[in-house]
Amino acid sequence: MKNKKNVGLIGILLFSLVACGGNEDSSSLKNSNIIKSSITSTSSSISIDNNENVLSLEVKVFIEQVTLLENESITLGHKSQIDGVYFLYNSLNSEMKLLTEVIAAKEKLDKIKEDFLYLYEEYLLSKEVEETADAFKRLVDSLGEVDALIREDKKDVDKLLDLYNTFSIEIKENEEVQSSKEKLDLLNNRIIELVNMSDDEYSVVLFISMVNKLPAVDELTIYDIDVVNEAITTYNELDDLVKDNSDVIAAKEKLDLLSERVSHLQQVKENADNF
């Protein structure tokens with residue numbers, strides 16, 4: 001026996017629960033309104049078996065939702081909507097899935113998913129490039145400035161050069177990575193210069209580097225005494241001929257100020273200990 005029955009509510013409930021997930025954002029309301037309108041008009045004109053009516057409405061809802069997706073610019077935010085439409089397709093029985101209109105809609109849905117997956121892969125790659133670029137920059141910056149390098153820094157520079165060579169083309173093309181690589185190349189060139197220097201030349205560079213790494217006078221603490229004394233020892237070991245070098249003289253003037261500050265801090269500590 002055939003009965004007339006308004007089944008629009010079934011179609012609306014099906015998609016709103018599955019595709020929209022109960023969220024009342026503008027996209028979900030848009031889909032719900034379109035479905036409600038199409039099903040209401042359809043249910044008023046159809047008079048067939050109740051079960052067949054539900055199935056035909058399921059097909060109509062599926063095709064309409066594929067069409068909605070097809071007319072939108074797909075973004076990462078469409079994931080739940082795409083999943084919802086696939087749920088609608090999987091809810092169809094085997095006979096419905098063989099309908100020409102359903103097959104065509106399914107092909108369109110697969111293409112939409114393919115576009116979404118491409119966007120997602122691009123997003124993951126972009127995130128990987130960004131994180132790698134940031135980490136590489138921090139590693140290069142940790143080596144310090146060119147004029148602060150010493151021969152012992154060669155192993156760290158070499159490690160970063162090896163790391164760079166493992167990067168993909170996408171990472172190497174990143175602007176921040178390219179900027180860090182330029183700085184790394186300058187550091188490497190300086191290392192090569194240091195390695196090829198005579199011992200006397202290098203002793204000057206080493207002394208100046210040690211002084212440049214020391215804190216400013218007003219930032220010096222009691223814990224910096226050892227490094228200041230080490231710089232003083234290095235200066236005393238320089239050949240007298242190189243002590244007339246203008247850069248050495250400038251570094252020695254800074255070191256003298258630091259030495260005075262260290263002596264003052266030591267005196268304050270001794271007074272405090274004897275109090």
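**Notebook: salt bridges in the model**

I searched the whole structure for salt bridges and found 15. I keep in mind that this is a predicted model.

Entry on helix H3. I looked up Lys60 and Glu64, whose side chains meet in a salt bridge with an N to O distance of 3.3 Å. Both belong to helix H3, which covers residues 50–70, and because they are four residues apart there, about one helical turn separates them. I then asked myself whether Glu64 is buried or exposed. Glu64 has 17% relative accessibility and counts as buried, because the cut-off for buried is under 20%. Its partner Lys60, at 30%, counts as partly exposed.

Entry on helix H6. Here I noted a salt bridge between Asp115 and Lys111, with the closest N and O atoms 2.9 Å apart. The two residues sit four positions apart in helix H6 (residues 100–141), about one turn of the helix. Asp115 is partly exposed at a relative accessible area of 33%, and Lys111 also counts as partly exposed, at 43% relative accessibility.

Entry on a link between helices. Which parts of the chain does the pair of Lys183 and Asp141 link? I found their side chains meeting in a salt bridge at 3.2 Å, N to O. This pair links distant parts of the chain, since Lys183 lies in helix H9 (residues 175–196) and Asp141 in helix H6, 42 residues apart. I recorded Asp141 as partly exposed, with a relative accessible area of 34%. Following the shared partners, I saw that salt bridges join Lys137, Asp141, Glu145 and Lys183 into one network.

Note on methods: Residues are numbered from 1 along each chain as its sequence is written. This is a predicted model: local features need pLDDT of at least 70, side-chain atom pairs count only at pLDDT 80 or more; totals for chains, interfaces and linings use all residues. Side-chain values use heavy atoms; hydrogens and water are left out. A salt bridge is a side-chain nitrogen of Lys or Arg within 4 Å of a carboxyl oxygen of Asp or Glu. Buried means under 20% relative accessible area, exposed over 50%, partly exposed in between (1.4 Å probe, protein chains only).
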